[in-house]
Amino acid sequence: EGLCLGLPIRFFDASMGDGLALRSWDWNFNDGNTSSLQNPQNSFTNSGVYSVELSVSDEHNCVASASQDITFRPLPTASFAAALPLCVGSNISFNNSSSSQGIITDYYWNMGDGTTSTLSDPFHTYNLGGNQNVSLIVTDEWTCKDTTEQNIYITPEFTLNIDYFGLCNNTPTSLSGQVVSPPLIPDTWSWLFDDGTTATGQNTI
């Protein structure tokens with residue numbers, strides 16, 4: 001518990017010298033790293049079972065050895081997606097898709113506007129448009145963590161105007177939609193007319 005990949009793990013020597021002082025320590029972490037410190041630390045980068053070995057020698061150069069298996073599991077993976085529409089005033093759903101070999105026990109969301117949440121799948125409403133840096137930290141049952149961040153753009157409230165030309169009976173009328181403020185480029189345009197017909201695109205006839 002609490003043995004997480006990428007974090008320094010402290011190892012403590014519990015050897016006893018039978019009345020003689022211990023003079024040297026030889027640690028082998030079996031991940032390519034060794035140490036001659038009495039109480040070293042080591043960071044493991046790959047999951048798996050490691051047989052950590054310790055050999056100590058006393059002032060008469062007598063040697064004793066011990067080993068212990070420790071298990072490192074893969075870190076959890078934090079992941080989420082914000083559901084459309086991403087608009088000011090919308091109750092936006094943040095869909096958590098994080099995964100873990102164990103059980104994810106804690107979620108910590110930072111919505112980028114000063115608010116936070118500990119729900120697994122929160123909703124949030126933004127009062128201002130623009131870019132928001134949303135982060136999610138997940139913690140699993142072994143207290144190991146992972147973090148992910150996404151920059152999402154919240155569309156502000158905007159004003160539309162319709163330019164037209166040729167308002168005559170039985171004559172095609174040219175219509176053009178324009179965003180007045182603030183300056184932005186809509187992804188889609190949809191028209192609905194009183195006679196029940198529809199059109200798409202910024203300009204229509």
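**Entry 1: largest pocket**

I looked up the largest pocket in this predicted model and found a volume of about 450 Å³. I then listed its lining, which comprises 17 residues, with F158, L184, P186, D187 and T188 the closest to the centre. Two elements give two or more residues to this lining, namely strand 14 (159–165) and strand 16 (190–192). I noted that strand 14 supplies the largest share, 3 residues. Sorted by class, the lining holds 11 nonpolar, 5 polar and 1 charged residues.

**Entry 2: second largest pocket**

I next examined the second largest pocket, whose volume is about 270 Å³. I recorded 14 lining residues, and nearest the centre lie F12, W27, V52, L54 and Q68. The elements that contribute two or more residues here are strand 5 (48–58) and strand 6 (63–72). Strand 6 gives the most, with 4 residues. By class I entered 10 nonpolar, 3 polar and 1 charged for this lining.

**Entry 3: nonpolar cores**

I asked which residues have the most contacts inside the largest nonpolar core. In this core of 17 residues, they are I92, F94, W109, Y126, V134, I152 and I154. I traced the core to its elements: strand 7 (80–82), strand 8 (91–96), strand 9 (104–110), strand 12 (130–140) and strand 13 (145–154) each give two or more residues.

I then followed I92 by itself, leaving aside its neighbours within four places in sequence. I92 is in contact with A82, A83, P85, L86 and C87, and also with P122, F123, H124, Y126 and I154. Of these partners, I had already entered Y126 and I154 among the core residues with the most contacts.

I also found a second, separate core of 14 residues, which includes L5, F29, F44 and V56.

**Entry 4: sheet of strands 10, 9, 12 and 13**

I looked up the strand order of an open sheet of 4 strands and wrote down 10-9-12-13, with antiparallel pairing. Which strands stand at the edges? They are strand 10 (116–117) and strand 13; each has a single partner strand, so one side of each is left without a neighbour in the sheet. As a general reminder I noted that strands of a sheet pair through backbone hydrogen bonds.

I checked the pairing of strand 9 with strand 10 and found 2 bridges between these antiparallel strands. For N110, the bridge partner in strand 10 is T116. I closed the entry by noting that strand 9, strand 12 and strand 13 of this sheet are also among the elements that give two or more residues to the largest nonpolar core.

Definitions and conventions:
Residues are numbered from 1 along each chain as its sequence is written. This is a predicted model: local features need pLDDT of at least 70, side-chain atom pairs count only at pLDDT 80 or more; totals for chains, interfaces and linings use all residues. Side-chain values use heavy atoms; hydrogens and water are left out. On a 1 Å grid over the protein atoms alone, a cavity is a set of points where a 1.4 Å probe fits but cannot get out, and a pocket is an open set with protein on both sides within 12 Å along at least five of seven lines; lining residues have an atom within 4 Å of a point. Grid points are joined across faces, edges and corners, and a volume is the space filled by probe spheres set on the points. Ala, Val, Leu, Ile, Met, Phe, Trp, Tyr, Cys and Pro count as nonpolar, Asp, Glu, Lys and Arg as charged, and the others, Gly among them, as polar. A nonpolar core is a set of buried Ala, Val, Leu, Ile, Met, Phe, Trp, Tyr and Cys residues joined through side-chain atoms within 4.5 Å. Buried means under 20% relative accessible area, exposed over 50%, partly exposed in between (1.4 Å probe, protein chains only). Contact means heavy atoms within 4.5 Å. Two strands pair if DSSP finds at least two bridges between them.
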